[in-house]
Amino acid sequence: MRDRKGTISVFLSLISVLLISVLTTSIESSRIQGCRAKAAACLDMGLFSVMGEFERELLEHYDVFFLDGAAGSSTYSVDGINEALHEFMEYNVKPNKGMLLKRYDAFGLNLNDTKIDGVCFATDDNGQAFYQQAVGFVRENISTELISALMSRVSEGQQLKEAADAYKKKDENIAEELKQLEDQRKALEEQRRQEEKEAAERGELIVKEEQKASVPDSENPLKTIKKMKKKGILNLVTGDAGISEKTLPSGSPSKRRCQRGTLPVEKKYSGLTSDLLFQEYLFERFPLYTDEKREGVLDYGLEYILCGKNSDEKNLKSVVNRLLLLREGANFLYLSGDTKAKAAADALAVLLVGAIPVPGLTAVTAYALLLVWAYGESLLDVRELLAGGKVPVFKNASTWKLELESIPKIMQILENTSGTSEEGLSYAGYMQILFTLGTKSKYPMRALDLIEGYMRQRPATSAFRADHAICKVEAEADFTIPPLFLKVSSAFLKTGETVQSYHVSGSFAY
(Lines give C-alpha, C1' and ligand atoms only; values in the text may rest on other atoms or scores of the structure.)
Protein backbone atom coordinates (compact mmCIF):
# COMPACT_ATOMS: atom_id res chain seq x y z
CA MET A 1 0.00 0.00 0.00
CA ARG A 2 2.90 2.34 0.65
CA ASP A 3 3.97 2.08 -3.06
CA ARG A 4 0.59 3.45 -4.18
CA LYS A 5 0.61 6.67 -2.13
CA GLY A 6 -0.17 9.74 -4.18
CA THR A 7 -1.92 7.80 -6.97
CA ILE A 8 -5.25 9.53 -6.38
CA SER A 9 -3.55 12.93 -6.14
CA VAL A 10 -1.89 12.58 -9.58
CA PHE A 11 -5.16 11.43 -11.14
CA LEU A 12 -7.05 14.29 -9.60
CA SER A 13 -4.36 16.71 -10.73
CA LEU A 14 -4.72 15.53 -14.30
CA ILE A 15 -8.50 15.70 -14.09
CA SER A 16 -8.27 19.14 -12.48
CA VAL A 17 -6.11 20.43 -15.33
CA LEU A 18 -8.69 19.23 -17.82
CA LEU A 19 -11.58 20.67 -15.80
CA ILE A 20 -9.81 23.99 -15.37
CA SER A 21 -9.01 24.06 -19.08
CA VAL A 22 -12.63 23.35 -20.01
CA LEU A 23 -13.84 25.92 -17.50
CA THR A 24 -11.42 28.67 -18.61
CA THR A 25 -12.09 27.88 -22.27
CA SER A 26 -15.83 28.23 -21.68
CA ILE A 27 -15.33 31.48 -19.81
CA GLU A 28 -12.97 32.73 -22.53
CA SER A 29 -15.50 31.82 -25.20
CA SER A 30 -18.16 33.83 -23.39
CA ARG A 31 -15.72 36.68 -22.95
CA ILE A 32 -14.88 36.69 -26.67
CA GLN A 33 -18.57 36.82 -27.56
CA GLY A 34 -18.95 39.70 -25.12
CA CYS A 35 -15.97 41.45 -26.74
CA ARG A 36 -17.59 41.09 -30.15
CA ALA A 37 -20.87 42.51 -28.90
CA LYS A 38 -18.98 45.33 -27.22
CA ALA A 39 -17.05 46.04 -30.45
CA ALA A 40 -20.29 46.40 -32.43
CA ALA A 41 -21.77 48.58 -29.69
CA CYS A 42 -18.67 50.75 -29.57
CA LEU A 43 -18.87 51.38 -33.31
CA ASP A 44 -22.56 52.25 -33.04
CA MET A 45 -21.88 54.58 -30.12
CA GLY A 46 -18.94 56.11 -31.97
CA LEU A 47 -21.05 56.83 -35.05
CA PHE A 48 -23.82 58.20 -32.85
CA SER A 49 -21.33 60.49 -31.12
CA VAL A 50 -19.87 61.72 -34.41
CA MET A 51 -23.30 62.41 -35.92
CA GLY A 52 -24.40 63.95 -32.63
CA GLU A 53 -22.29 66.98 -33.53
CA PHE A 54 -24.88 68.05 -36.15
CA GLU A 55 -25.20 71.68 -37.15
CA ARG A 56 -27.56 73.19 -34.54
CA GLU A 57 -28.57 76.20 -36.62
CA LEU A 58 -29.88 73.96 -39.39
CA LEU A 59 -32.03 72.09 -36.92
CA GLU A 60 -33.38 75.21 -35.22
CA HIS A 61 -34.09 77.14 -38.41
CA TYR A 62 -34.90 74.43 -40.96
CA ASP A 63 -35.75 71.33 -38.87
CA VAL A 64 -33.20 69.08 -40.58
CA PHE A 65 -30.20 67.18 -39.24
CA PHE A 66 -26.87 67.46 -41.02
CA LEU A 67 -23.27 67.09 -39.87
CA ASP A 68 -20.79 69.63 -41.22
CA GLY A 69 -18.21 67.34 -42.80
CA ALA A 70 -15.75 70.22 -43.02
CA ALA A 71 -16.02 70.94 -39.27
CA GLY A 72 -16.46 74.67 -39.79
CA SER A 73 -13.82 75.03 -42.49
CA SER A 74 -14.26 75.25 -46.24
CA THR A 75 -12.54 71.92 -46.96
CA TYR A 76 -14.22 68.57 -46.54
CA SER A 77 -12.04 65.90 -44.94
CA VAL A 78 -13.03 62.30 -44.44
CA ASP A 79 -9.87 61.86 -42.34
CA GLY A 80 -11.18 64.37 -39.82
CA ILE A 81 -14.41 62.42 -39.44
CA ASN A 82 -12.46 59.19 -39.07
CA GLU A 83 -10.22 60.69 -36.38
CA ALA A 84 -13.24 61.85 -34.45
CA LEU A 85 -14.82 58.41 -34.76
CA HIS A 86 -11.64 56.72 -33.55
CA GLU A 87 -11.36 59.04 -30.56
CA PHE A 88 -14.97 58.58 -29.52
CA MET A 89 -14.65 54.81 -29.79
CA GLU A 90 -11.44 54.71 -27.74
CA TYR A 91 -13.27 55.95 -24.65
CA ASN A 92 -15.82 53.15 -24.94
CA VAL A 93 -13.32 50.45 -25.86
CA LYS A 94 -10.97 51.47 -23.03
CA PRO A 95 -13.12 52.63 -20.09
CA ASN A 96 -9.98 53.52 -18.12
CA LYS A 97 -8.77 56.02 -20.70
CA GLY A 98 -8.25 59.39 -19.07
CA MET A 99 -9.16 58.04 -15.61
CA LEU A 100 -6.93 58.54 -12.57
CA LEU A 101 -8.44 55.62 -10.68
CA LYS A 102 -8.46 52.69 -13.02
CA ARG A 103 -10.72 49.70 -12.66
CA TYR A 104 -10.36 46.16 -13.85
CA ASP A 105 -11.45 45.61 -17.48
CA ALA A 106 -12.42 41.99 -18.01
CA PHE A 107 -12.91 42.48 -21.74
CA GLY A 108 -9.46 43.85 -22.56
CA LEU A 109 -10.63 44.78 -26.07
CA ASN A 110 -8.20 46.71 -28.28
CA LEU A 111 -9.20 49.09 -31.11
CA ASN A 112 -6.69 48.90 -33.95
CA ASP A 113 -8.17 50.91 -36.79
CA THR A 114 -11.30 52.67 -38.05
CA LYS A 115 -12.29 53.58 -41.57
CA ILE A 116 -15.11 55.66 -43.08
CA ASP A 117 -16.51 53.63 -45.97
CA GLY A 118 -18.97 56.17 -47.32
CA VAL A 119 -21.08 59.24 -46.69
CA CYS A 120 -24.23 60.82 -48.14
CA PHE A 121 -24.47 64.59 -48.58
CA ALA A 122 -27.50 66.88 -48.59
CA THR A 123 -26.93 67.70 -52.26
CA ASP A 124 -26.68 64.11 -53.47
CA ASP A 125 -29.11 63.07 -56.21
CA ASN A 126 -30.20 66.68 -56.84
CA GLY A 127 -30.93 67.32 -53.19
CA GLN A 128 -32.92 64.15 -52.56
CA ALA A 129 -31.20 63.59 -49.21
CA PHE A 130 -32.49 66.97 -48.05
CA TYR A 131 -35.90 66.33 -49.64
CA GLN A 132 -36.36 63.06 -47.74
CA GLN A 133 -35.67 64.68 -44.37
CA ALA A 134 -37.95 67.63 -45.07
CA VAL A 135 -40.84 65.44 -46.20
CA GLY A 136 -40.41 63.16 -43.21
CA PHE A 137 -40.59 66.10 -40.83
CA VAL A 138 -43.75 67.54 -42.40
CA ARG A 139 -45.42 64.14 -42.56
CA GLU A 140 -45.16 63.86 -38.80
CA ASN A 141 -46.63 67.31 -38.22
CA ILE A 142 -49.37 67.79 -40.81
CA SER A 143 -53.11 67.28 -40.67
CA THR A 144 -55.32 65.44 -43.14
CA GLU A 145 -57.26 68.64 -43.80
CA LEU A 146 -54.14 70.44 -44.96
CA ILE A 147 -53.26 67.62 -47.34
CA SER A 148 -56.76 67.88 -48.81
CA ALA A 149 -56.31 71.62 -49.25
CA LEU A 150 -53.00 71.07 -51.02
CA MET A 151 -54.59 68.48 -53.31
CA SER A 152 -57.26 71.03 -54.25
CA ARG A 153 -54.46 73.38 -55.37
CA VAL A 154 -53.32 70.67 -57.78
CA SER A 155 -56.80 70.43 -59.29
CA GLU A 156 -57.15 74.20 -59.54
CA GLY A 157 -53.70 74.44 -61.06
CA GLN A 158 -54.52 71.96 -63.81
CA GLN A 159 -57.73 73.81 -64.68
CA LEU A 160 -55.94 77.15 -64.77
CA LYS A 161 -53.13 75.71 -66.89
CA GLU A 162 -55.58 74.31 -69.42
CA ALA A 163 -57.37 77.66 -69.60
CA ALA A 164 -54.05 79.51 -69.89
CA ASP A 165 -52.81 77.24 -72.68
CA ALA A 166 -56.07 77.74 -74.58
CA TYR A 167 -55.84 81.52 -74.10
CA LYS A 168 -52.23 81.65 -75.28
CA LYS A 169 -52.99 79.62 -78.39
CA LYS A 170 -56.08 81.69 -79.16
CA ASP A 171 -54.19 84.94 -78.63
CA GLU A 172 -51.47 83.89 -81.08
CA ASN A 173 -53.99 82.78 -83.71
CA ILE A 174 -56.17 85.87 -83.39
CA ALA A 175 -53.14 88.15 -83.56
CA GLU A 176 -52.06 86.50 -86.80
CA GLU A 177 -55.57 86.57 -88.28
CA LEU A 178 -56.11 90.18 -87.24
CA LYS A 179 -52.82 91.22 -88.83
CA GLN A 180 -53.74 89.56 -92.12
CA LEU A 181 -57.25 91.05 -92.15
CA GLU A 182 -55.94 94.49 -91.21
CA ASP A 183 -53.52 94.28 -94.13
CA GLN A 184 -56.44 93.46 -96.39
CA ARG A 185 -58.45 96.38 -95.00
CA LYS A 186 -55.56 98.77 -95.57
CA ALA A 187 -55.17 97.47 -99.12
CA LEU A 188 -58.87 98.05 -99.76
CA GLU A 189 -58.67 101.54 -98.28
CA GLU A 190 -55.70 102.32 -100.50
CA GLN A 191 -57.52 100.93 -103.52
CA ARG A 192 -60.61 103.02 -102.75
CA ARG A 193 -58.55 106.17 -102.32
CA GLN A 194 -56.84 105.48 -105.67
CA GLU A 195 -60.17 104.98 -107.39
CA GLU A 196 -61.55 108.20 -105.92
CA LYS A 197 -58.43 110.07 -107.04
CA GLU A 198 -58.70 108.74 -110.58
CA ALA A 199 -62.43 109.57 -110.70
CA ALA A 200 -61.71 113.10 -109.50
CA GLU A 201 -59.10 113.51 -112.22
CA ARG A 202 -61.70 112.47 -114.82
CA GLY A 203 -64.17 114.96 -113.33
CA GLU A 204 -66.61 112.28 -112.30
CA LEU A 205 -68.98 112.79 -109.38
CA ILE A 206 -67.86 110.80 -106.35
CA VAL A 207 -70.53 109.40 -104.04
CA LYS A 208 -68.96 108.34 -100.75
CA GLU A 209 -70.56 105.71 -98.57
CA GLU A 210 -71.75 106.83 -95.20
CA GLN A 211 -68.90 106.23 -92.75
CA LYS A 212 -69.60 104.58 -89.44
CA ALA A 213 -68.58 106.41 -86.28
CA SER A 214 -64.87 105.94 -85.73
CA VAL A 215 -63.13 105.31 -82.38
CA PRO A 216 -60.07 107.45 -81.62
CA ASP A 217 -56.86 105.63 -80.67
CA SER A 218 -57.05 107.04 -77.14
CA GLU A 219 -60.32 105.15 -76.59
CA ASN A 220 -59.38 102.00 -78.50
CA PRO A 221 -58.80 99.09 -76.07
CA LEU A 222 -56.64 97.28 -78.61
CA LYS A 223 -54.30 100.26 -78.93
CA THR A 224 -54.26 100.85 -75.16
CA ILE A 225 -53.28 97.29 -74.29
CA LYS A 226 -50.72 97.17 -77.10
CA LYS A 227 -48.97 100.21 -75.60
CA MET A 228 -49.13 98.73 -72.09
CA LYS A 229 -47.48 95.49 -73.18
CA LYS A 230 -44.48 97.49 -74.35
CA LYS A 231 -44.00 98.85 -70.84
CA GLY A 232 -42.51 96.98 -67.91
CA ILE A 233 -45.22 94.70 -66.52
CA LEU A 234 -43.54 94.52 -63.12
CA ASN A 235 -43.86 98.25 -62.50
CA LEU A 236 -47.52 98.17 -63.55
CA VAL A 237 -48.47 95.55 -60.95
CA THR A 238 -46.20 96.61 -58.09
CA GLY A 239 -46.84 100.35 -58.30
CA ASP A 240 -44.86 102.39 -55.80
CA ALA A 241 -43.87 99.35 -53.73
CA GLY A 242 -40.11 98.92 -53.57
CA ILE A 243 -38.54 95.86 -55.16
CA SER A 244 -35.64 94.09 -53.51
CA GLU A 245 -32.28 94.48 -55.21
CA LYS A 246 -30.73 91.40 -53.61
CA THR A 247 -28.93 88.91 -55.81
CA LEU A 248 -27.87 85.33 -55.24
CA PRO A 249 -24.14 84.85 -54.57
CA SER A 250 -22.24 83.12 -57.34
CA GLY A 251 -21.28 79.50 -56.86
CA SER A 252 -24.43 78.35 -55.11
CA PRO A 253 -24.93 74.56 -54.83
CA SER A 254 -27.34 74.30 -57.78
CA LYS A 255 -24.91 76.22 -59.97
CA ARG A 256 -21.62 74.54 -59.10
CA ARG A 257 -20.10 71.10 -59.22
CA CYS A 258 -20.85 69.68 -55.80
CA GLN A 259 -18.96 67.18 -53.67
CA ARG A 260 -20.62 63.80 -54.15
CA GLY A 261 -21.19 61.14 -51.55
CA THR A 262 -20.55 57.45 -52.12
CA LEU A 263 -23.72 56.13 -50.51
CA PRO A 264 -27.08 55.93 -52.31
CA VAL A 265 -29.92 58.09 -51.06
CA GLU A 266 -32.68 56.06 -49.45
CA LYS A 267 -35.85 57.30 -51.18
CA LYS A 268 -38.49 56.53 -48.63
CA TYR A 269 -40.84 59.29 -49.82
CA SER A 270 -41.89 59.96 -53.42
CA GLY A 271 -44.92 60.80 -55.51
CA LEU A 272 -47.47 63.59 -55.59
CA THR A 273 -48.28 63.58 -51.87
CA SER A 274 -44.61 63.79 -50.91
CA ASP A 275 -44.08 66.64 -53.38
CA LEU A 276 -46.97 68.53 -51.77
CA LEU A 277 -45.54 67.91 -48.30
CA PHE A 278 -42.17 69.23 -49.44
CA GLN A 279 -43.95 72.25 -50.91
CA GLU A 280 -45.59 72.87 -47.55
CA TYR A 281 -42.18 72.63 -45.88
CA LEU A 282 -40.84 75.31 -48.24
CA PHE A 283 -43.77 77.65 -47.64
CA GLU A 284 -43.27 77.44 -43.88
CA ARG A 285 -39.58 78.35 -44.00
CA PHE A 286 -38.91 80.71 -46.90
CA PRO A 287 -40.30 84.22 -47.50
CA LEU A 288 -42.68 85.52 -50.17
CA TYR A 289 -42.95 88.94 -51.76
CA THR A 290 -46.00 89.72 -49.61
CA ASP A 291 -44.37 88.68 -46.32
CA GLU A 292 -43.42 91.45 -43.94
CA LYS A 293 -40.62 89.51 -42.27
CA ARG A 294 -37.88 88.54 -44.67
CA GLU A 295 -34.47 87.13 -43.91
CA GLY A 296 -31.83 85.29 -45.81
CA VAL A 297 -29.76 85.82 -48.87
CA LEU A 298 -32.87 86.71 -50.93
CA ASP A 299 -36.05 88.48 -49.83
CA TYR A 300 -38.25 86.52 -52.22
CA GLY A 301 -37.11 83.01 -51.37
CA LEU A 302 -40.10 81.09 -52.68
CA GLU A 303 -40.06 83.04 -55.91
CA TYR A 304 -36.44 81.97 -56.36
CA ILE A 305 -37.18 78.31 -55.61
CA LEU A 306 -39.94 78.42 -58.23
CA CYS A 307 -38.12 80.34 -60.97
CA GLY A 308 -34.39 79.96 -60.27
CA LYS A 309 -33.28 83.44 -61.41
CA ASN A 310 -30.27 85.07 -59.76
CA SER A 311 -32.04 88.15 -58.36
CA ASP A 312 -35.21 89.00 -56.47
CA GLU A 313 -36.35 91.33 -59.25
CA LYS A 314 -35.99 88.72 -61.99
CA ASN A 315 -37.75 86.06 -59.93
CA LEU A 316 -40.65 88.37 -59.09
CA LYS A 317 -40.97 89.36 -62.75
CA SER A 318 -41.08 85.71 -63.77
CA VAL A 319 -43.77 84.97 -61.17
CA VAL A 320 -45.81 87.99 -62.33
CA ASN A 321 -45.72 86.75 -65.94
CA ARG A 322 -46.82 83.27 -64.86
CA LEU A 323 -49.62 84.65 -62.69
CA LEU A 324 -50.72 86.96 -65.48
CA LEU A 325 -51.02 84.07 -67.93
CA LEU A 326 -53.04 81.97 -65.47
CA ARG A 327 -55.40 84.84 -64.81
CA GLU A 328 -55.73 85.62 -68.53
CA GLY A 329 -56.86 82.09 -69.20
CA ALA A 330 -59.41 82.07 -66.39
CA ASN A 331 -60.74 85.54 -67.24
CA PHE A 332 -61.03 84.80 -70.95
CA LEU A 333 -62.91 81.61 -70.08
CA TYR A 334 -65.46 83.73 -68.20
CA LEU A 335 -65.80 86.32 -70.98
CA SER A 336 -66.25 83.63 -73.61
CA GLY A 337 -69.29 82.33 -71.79
CA ASP A 338 -70.83 85.69 -70.88
CA THR A 339 -73.41 86.87 -73.45
CA LYS A 340 -73.31 90.51 -72.29
CA ALA A 341 -69.54 90.65 -72.59
CA LYS A 342 -69.63 89.13 -76.08
CA ALA A 343 -72.35 91.58 -77.15
CA ALA A 344 -70.30 94.52 -75.90
CA ALA A 345 -67.24 93.26 -77.78
CA ASP A 346 -69.24 92.74 -80.97
CA ALA A 347 -70.68 96.25 -80.82
CA LEU A 348 -67.30 97.88 -80.28
CA ALA A 349 -65.75 95.74 -83.02
CA VAL A 350 -68.22 97.15 -85.52
CA LEU A 351 -67.14 100.68 -84.66
CA LEU A 352 -63.44 99.81 -84.83
CA VAL A 353 -63.66 98.09 -88.21
CA GLY A 354 -65.60 100.87 -89.98
CA ALA A 355 -67.25 100.56 -93.38
CA ILE A 356 -64.52 98.65 -95.21
CA PRO A 357 -66.10 95.27 -96.14
CA VAL A 358 -63.39 92.75 -95.15
CA PRO A 359 -65.06 89.38 -94.47
CA GLY A 360 -64.41 88.09 -90.96
CA LEU A 361 -62.66 91.25 -89.71
CA THR A 362 -65.46 92.23 -87.35
CA ALA A 363 -65.65 88.76 -85.76
CA VAL A 364 -61.88 88.54 -85.32
CA THR A 365 -61.75 92.07 -83.87
CA ALA A 366 -64.47 91.11 -81.38
CA TYR A 367 -62.37 88.12 -80.31
CA ALA A 368 -59.31 90.33 -80.00
CA LEU A 369 -61.30 92.68 -77.76
CA LEU A 370 -62.23 89.78 -75.47
CA LEU A 371 -58.57 88.81 -75.28
CA VAL A 372 -57.33 92.28 -74.34
CA TRP A 373 -60.26 92.62 -71.94
CA ALA A 374 -59.12 89.44 -70.17
CA TYR A 375 -55.57 90.82 -70.16
CA GLY A 376 -56.67 94.08 -68.55
CA GLU A 377 -58.68 92.26 -65.88
CA SER A 378 -55.67 90.04 -65.23
CA LEU A 379 -53.45 93.07 -64.64
CA LEU A 380 -55.88 94.23 -61.97
CA ASP A 381 -55.90 90.72 -60.46
CA VAL A 382 -52.13 90.50 -60.19
CA ARG A 383 -51.94 94.03 -58.81
CA GLU A 384 -54.54 93.06 -56.19
CA LEU A 385 -52.58 89.95 -55.21
CA LEU A 386 -49.27 91.78 -54.84
CA ALA A 387 -50.98 94.46 -52.78
CA GLY A 388 -52.13 91.81 -50.29
CA GLY A 389 -55.66 91.16 -51.54
CA LYS A 390 -57.38 88.04 -52.83
CA VAL A 391 -58.71 87.00 -56.24
CA PRO A 392 -61.16 84.17 -57.02
CA VAL A 393 -59.77 81.36 -59.15
CA PHE A 394 -62.76 81.56 -61.48
CA LYS A 395 -64.84 84.72 -61.59
CA ASN A 396 -68.50 85.54 -62.00
CA ALA A 397 -70.42 88.74 -62.70
CA SER A 398 -70.17 89.89 -59.07
CA THR A 399 -66.38 89.53 -58.87
CA TRP A 400 -65.58 90.99 -62.30
CA LYS A 401 -64.00 94.45 -62.08
CA LEU A 402 -63.11 95.91 -65.48
CA GLU A 403 -65.61 97.14 -68.04
CA LEU A 404 -64.68 97.11 -71.72
CA GLU A 405 -65.09 100.87 -72.11
CA SER A 406 -62.88 101.42 -69.04
CA ILE A 407 -59.78 99.77 -70.55
CA PRO A 408 -58.38 103.10 -71.86
CA LYS A 409 -58.39 104.30 -68.24
CA ILE A 410 -56.78 101.16 -66.83
CA MET A 411 -53.68 103.01 -65.60
CA GLN A 412 -55.77 105.07 -63.20
CA ILE A 413 -57.68 101.95 -62.12
CA LEU A 414 -54.40 100.14 -61.39
CA GLU A 415 -53.19 103.03 -59.25
CA ASN A 416 -56.38 102.86 -57.17
CA THR A 417 -56.12 99.11 -56.49
CA SER A 418 -56.15 98.80 -52.70
CA GLY A 419 -55.45 95.13 -52.06
CA THR A 420 -58.42 94.78 -49.71
CA SER A 421 -60.45 92.13 -51.52
CA GLU A 422 -61.28 89.18 -49.25
CA GLU A 423 -62.81 86.75 -51.74
CA GLY A 424 -60.69 84.05 -53.34
CA LEU A 425 -57.04 83.06 -52.96
CA SER A 426 -54.19 85.23 -51.74
CA TYR A 427 -50.82 85.63 -53.43
CA ALA A 428 -49.54 82.73 -51.32
CA GLY A 429 -52.41 80.56 -52.56
CA TYR A 430 -51.60 81.32 -56.17
CA MET A 431 -47.93 80.65 -55.48
CA GLN A 432 -48.92 77.21 -54.21
CA ILE A 433 -50.70 76.63 -57.51
CA LEU A 434 -47.64 77.77 -59.46
CA PHE A 435 -45.49 75.38 -57.41
CA THR A 436 -47.71 72.45 -58.40
CA LEU A 437 -47.15 73.41 -62.05
CA GLY A 438 -43.42 74.10 -61.77
CA THR A 439 -40.37 71.87 -62.22
CA LYS A 440 -40.46 70.04 -58.88
CA SER A 441 -37.10 68.33 -59.35
CA LYS A 442 -35.39 71.75 -59.14
CA TYR A 443 -36.89 72.77 -55.79
CA PRO A 444 -34.58 70.86 -53.37
CA MET A 445 -31.33 72.24 -54.78
CA ARG A 446 -32.67 75.79 -55.01
CA ALA A 447 -33.81 75.54 -51.40
CA LEU A 448 -30.29 74.41 -50.47
CA ASP A 449 -28.97 77.50 -52.28
CA LEU A 450 -30.95 79.65 -49.86
CA ILE A 451 -30.04 77.55 -46.84
CA GLU A 452 -26.35 77.77 -47.65
CA GLY A 453 -26.66 81.52 -48.20
CA TYR A 454 -28.37 81.95 -44.84
CA MET A 455 -25.75 79.90 -43.03
CA ARG A 456 -22.91 81.82 -44.62
CA GLN A 457 -24.35 85.10 -43.36
CA ARG A 458 -23.65 83.93 -39.80
CA PRO A 459 -20.07 84.41 -38.57
CA ALA A 460 -19.95 81.00 -36.91
CA THR A 461 -20.89 79.17 -40.12
CA SER A 462 -19.46 81.50 -42.76
CA ALA A 463 -17.68 78.62 -44.52
CA PHE A 464 -20.70 76.28 -44.59
CA ARG A 465 -21.30 74.35 -47.80
CA ALA A 466 -24.43 72.33 -48.50
CA ASP A 467 -22.37 69.69 -50.30
CA HIS A 468 -20.37 69.12 -47.11
CA ALA A 469 -23.50 68.52 -45.03
CA ILE A 470 -23.62 64.80 -44.16
CA CYS A 471 -26.82 62.92 -43.41
CA LYS A 472 -25.52 59.34 -43.44
CA VAL A 473 -22.19 57.65 -42.78
CA GLU A 474 -20.94 54.07 -42.99
CA ALA A 475 -17.79 52.92 -41.19
CA GLU A 476 -15.84 49.84 -40.17
CA ALA A 477 -13.43 49.05 -37.35
CA ASP A 478 -10.78 46.41 -36.63
CA PHE A 479 -10.28 45.05 -33.12
CA THR A 480 -7.99 42.56 -31.43
CA ILE A 481 -9.06 40.40 -28.52
CA PRO A 482 -6.07 39.26 -26.43
CA PRO A 483 -6.50 36.03 -24.44
CA LEU A 484 -7.26 36.34 -20.75
CA PHE A 485 -8.66 33.15 -19.20
CA LEU A 486 -6.87 30.93 -21.69
CA LYS A 487 -3.62 31.91 -20.02
CA VAL A 488 -4.35 29.37 -17.31
CA SER A 489 -4.91 26.41 -19.62
CA SER A 490 -2.09 27.44 -21.93
CA ALA A 491 0.28 27.44 -18.96
CA PHE A 492 -0.63 23.80 -18.20
CA LEU A 493 -1.06 22.53 -21.73
CA LYS A 494 1.72 24.61 -23.31
CA THR A 495 -0.61 25.57 -26.19
CA GLY A 496 0.51 29.20 -26.48
CA GLU A 497 -1.62 32.32 -26.50
CA THR A 498 -3.60 33.29 -29.60
CA VAL A 499 -4.76 36.86 -30.22
CA GLN A 500 -8.05 37.00 -32.10
CA SER A 501 -8.96 39.66 -34.66
CA TYR A 502 -12.47 40.95 -35.13
CA HIS A 503 -13.93 43.16 -37.86
CA VAL A 504 -17.21 45.06 -37.52
CA SER A 505 -19.09 47.52 -39.75
CA GLY A 506 -22.05 49.80 -39.19
CA SER A 507 -23.90 52.91 -40.31
CA PHE A 508 -25.87 55.84 -38.96
CA ALA A 509 -28.37 58.06 -40.73
CA TYR A 510 -30.52 60.94 -39.56
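User: Happy to look at this together! What covers the buried residues of helix H4?

Analyst: Good place to start. In this predicted model, the cover over the buried residues of H4 includes strand E2 (110–121), helix H8 (272–285), H15 and strand E3 (469–481).

User: What makes H4 largely enclosed by the rest of the structure?

Analyst: The count of buried residues does: 12 of the 16 residues of H4 are buried, so the helix is largely enclosed. Among them are Asp124, Gly127, Phe130, Tyr131 and Val138. Each of these falls under the 20% relative accessible area that defines buried.

User: Why is H4 called roughly perpendicular to H15?

Analyst: Helix H4 (residues 124–139) and helix H15 (residues 443–456) pack at an angle of about 70°. Roughly perpendicular covers 65 to 115 degrees, so H4 earns that description relative to H15. Their axes are 8 Å apart.

User: Which residues meet in that packing of H4 and H15, and how do they divide into nonpolar, polar and charged?

Analyst: From H4 come Asn126, Gly127, Phe130 and Tyr131, and they meet Pro444, Met445, Ala447, Leu448 and Ile451 of H15. The contact has 7 nonpolar residues, 2 polar and no charged. Gly counts as polar here.

User: How does the reach of H4 from its first C-alpha to its last compare with what is expected, and where is its kink centred?

Analyst: H4 has 16 residues and reaches 22 Å, close to the 22 Å expected at 1.5 Å a residue. A kink of about 35° in H4 is centred on Tyr131. Tyr131 is also one of the buried residues and one of those meeting H15.

User: What is notable about phi at Asp125 and Asn126?

Analyst: Most residues other than glycine have a negative phi. Asp125, though not a glycine, has a positive phi of about 55°, and Asn126 has a positive phi near 55°. Asp125 lies in H4, as does Asn126.

User: Why is Asp125 called partly exposed, and why is Asn126 called exposed?

Analyst: Partly exposed runs between 20% and 50%, so Asp125, at 38% relative accessibility, belongs there. Exposed means over 50%, so Asn126, with a relative accessible area of 53%, is exposed.

User: How do you know whether His468 is buried or exposed?

Analyst: The relative accessibility of His468 is 4%, so it counts as buried, the cut-off being under 20%. His468 sits in the loop between H15 and E3. Beyond its neighbours within four places in sequence, His468 is in contact with residues including Leu67, Asp68, Tyr76, Phe121 and Gln259.

Conventions: Residues numbered from 1 in each chain as written. Predicted model: local features only at pLDDT ≥ 70, side-chain atom pairs only at ≥ 80, totals over all residues. Heavy atoms only, no water. Axes fitted to C-alpha atoms, helices over the stretch in contact; angles between N-to-C directions. Helix = DSSP H or I, 4+ residues; strand = E, 2+ residues; numbered from the N terminus. Parallel < 35°, antiparallel > 145°, perpendicular 65-115°, else oblique. Contact = heavy atoms within 4.5 Å. Expected span 1.5 Å × (residues − 1). Bend = angle between axes of the 7 residues up to and from the residue. Buried < 20%, exposed > 50% of the residue type's maximum accessible area, 1.4 Å probe, protein only.
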